[in-house]
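Student: I have a new model to look at. Can we go through it by question and answer?

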Amino acid sequence: MALSDSPISFDNTEFAFEYKSDAALRKARFLFSLMSYPWLVALGTRLTPWAIRVGLPIKGLLRKTLFAQFVGGETLESTQAVAASLRSYGVQVILDYGVEGKEGEENFDNAVQEFSRVIDHAAVASIPFMSIKVTGFARFGLLEALHQLMLSQPGTILDRYQAMLNQLDPSVKGEWQKVYDRVLHLCTRAAEQRVGVAIDAEESWIQEPIDALAMQMMERFNTDRPVVYNTIQLYRHDRYQFLQDCAALSSSKNYLLAIKLVRGAYMEKERKRALENDYDSPIHANKQAVDRDYDQALRFCVDRLERMALIVASHNEHSNLLATELMIQKGQPLHHPHIHWSQLYGMSDNITFNLSKAGASVSKYLPFGPIEDVIPYLMRRAQENTSVKGQTGRELGLIQKELDRRRHSA
Ligand SMILES: Cc1cc2nc3c(=O)[nH]c(=O)nc-3n(C[C@H](O)[C@H](O)[C@H](O)COP(=O)(O)OP(=O)(O)OC[C@H]3O[C@@H](n4cnc5c(N)ncnc54)[C@H](O)[C@@H]3O)c2cc1C
């Protein structure tokens, strides 16, 4: 695909798959063709978590299929080979210890330890970013309760946060203080070691305290360069306004607003919950509106790159090209320190590797962790590659095109 006068194209499959052997490509083709059956994915995403829980021997199969396609390895050390291979094509990684859904203070403290190791490793291996989910350090129910309290307050996100804190009883306040300290500890360590921290966006009903936490970390650490990034999900109809509010707040406090722009990964769950609980869905009614807001958000950020930093986190070819075109129009280089592109490992190699060839600062978001702990992430990827109209078809078409090209040039 190419926008009108863009010198960049995402059609070159030779660049896209240079790092994959014929056998690896055929395996990817098989996997994406399986994911093109919605009934199979629906069945698999129901049965897999259960099968792992009751101890059925499916880990070997998972390890060779979804896990190999979308995850960097079971340990931090095992991601090194993938990261080194990507680096040799000019592609960086965003490391993510992808353990989800583990609650309890001990697990939260363990997660801090593991993420500290990730930061130390990133610093020595010149990895520019790591990402965290606040639910890795906080009880979901706590975030949900704080979110509700914040929603009932007026003012900016930080006003609402302050008012919420004033209402908490000491035990809840103490529990939240621990969460705050965990995130502060990681951001401090990352800032010292010059590693960026991307804070993921999660379900809309826990997002208020996550945003407030991210804004406070940015105020503290983004004084002369972007260290902490918050994530904005443009599938929510209130988020473009939120982006503008964040920009106003960061200008008034004189720090760099750093934002990862995504469309959003929880659409079905969000809509289902809204329906079941009889409230208006926070998600746009259609894809067109999401695309409009995403591209509008891109323009907003690129127009303010002196005071903002941006990660274009998307597999949408149009949005990725638009970001490059906006930079070119402004006479700015694609490796500008305040812009970065990223796609999930295992998806849209045509975008990542062609961006790299064009000189952009680009990465793969690379999760790692024990198989049983990354199941929620794997299930989201399987669903995304089935439910996103055209995604599987696009991947399959590109893989087939490259296999054909190799056969003819052999
Ligand atoms: C580096 C990276 C980091 C990420 N971090 C996060 C994160 O922190 N939080 C998070 O939630 N997600 C995150 N994601 C996942 C991301 O949200 C999904 O990959 C993304 O939504 C897929 O959209 P796309 O931009 O690739 O484009 P497309 O493939 O063009 O868009 C698909 C998306 O559009 C939306 N959509 C599709 N149909 C409709 C419809 N009918 N109505 C309304 N909306 C619709 C959905 O969000 C869907 O996922 C991340 C992705 C990347 C690449």
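What follows is a set of questions on the chain, its strands, one helix and the ligand shell.

Student: How many helices and strands does the chain have?
Tutor: First, keep in mind that this is a predicted model. Buried residues make up 44% of its 410 residues. For the elements, the count is 17 helices and eight strands.

Student: What radius of gyration does the chain have, and what would a compact globule have?
Tutor: The C-alpha trace spans about 70 × 55 × 45 Å along its principal axes. A compact globule of 410 residues would have a radius of gyration near 22 Å, so the chain agrees with that rule at 21 Å.

Student: Among contacts between residues at least 6 apart in sequence, what share joins residues at least 24 apart?
Tutor: Take the contacts in the chain between residues at least 6 apart. Then keep those that join residues at least 24 apart. The share is 77%.

Student: Which residues point each way from β3?
Tutor: Strand β3 covers residues 196–199, and all of them are buried. Gly 196 and Ala 198 point one way. The other way point Val 197 and Ile 199.

Student: Which residue stands opposite Gly 196 of β3?
Tutor: Look at strand β2, residues 129–132. β2 and β3 run parallel and are joined by four bridges. The residue opposite Gly 196 is Phe 129.

Student: Which residue in β4 is the bridge partner of Ile 199?
Tutor: β3 and β4 (residues 228–233) run parallel, with three bridges between them. Val 197 stands opposite Val 228. For Ile 199, the bridge partner is Asn 230.

Student: Which helix lies in the β-α-β unit with β3 and β4?
Tutor: The unit made with these two strands is right-handed. Its helix covers residues 207–221. That is α10.

Student: How many of the six residues of β4 are buried?
Tutor: Val 228, Asn 230 and Ile 232 point one way, and they are buried. Tyr 229, Thr 231 and Gln 233 point the other way, and they are buried too. The strand is mostly covered, and the count is six of six.

Student: Through which helix does the chain cross from β4 to β5?
Tutor: β4 pairs with β5 (residues 257–262) in the parallel sense, over four bridges. One of the bridge partners is Val 262, set against Gln 233. The crossover between these strands is right-handed and goes through residues 239–253, helix α11.

Student: Which element gives the largest share of the shell around the ligand?
Tutor: The shell has 27 residues, and the closest are Asp 200, Arg 263, Ala 313, Ser 314 and His 315. The elements that give two or more residues are β4, α13 (287–302) and β7 (339–344). The largest share is three residues, from β7.

Student: How many charged residues does the shell around the ligand have?
Tutor: Sort the shell by class. Twelve residues are nonpolar and eleven are polar. The charged residues number four.

Student: How many of the nine residues of α15 are buried?
Tutor: Helix α15 covers residues 349–357 and is mostly covered. Among its buried residues are Asp 349, Ile 351, Phe 353 and Leu 355. The count is eight.

Student: Which residue just after α15 takes a positive phi?
Tutor: Step past the end of the helix. The phi there is about 95 degrees. The residue is Gly 359.

Notes:
Residues numbered from 1 in each chain as written. Predicted model: local features only at pLDDT ≥ 70, side-chain atom pairs only at ≥ 80, totals over all residues. Buried ≥ 20, exposed ≤ 12 C-beta atoms within 10 Å, placed from the backbone. Pairing = 2+ DSSP bridges. Right-handed = clockwise from strand over helix to strand, strands pointing away. Near = placed C-beta within 6 Å. Nonpolar A, V, L, I, M, F, W, Y, C, P; charged D, E, K, R; others polar. Rg over C-alpha atoms; globule rule 2.2 N^0.38 Å. Contact = placed C-beta atoms within 7 Å.
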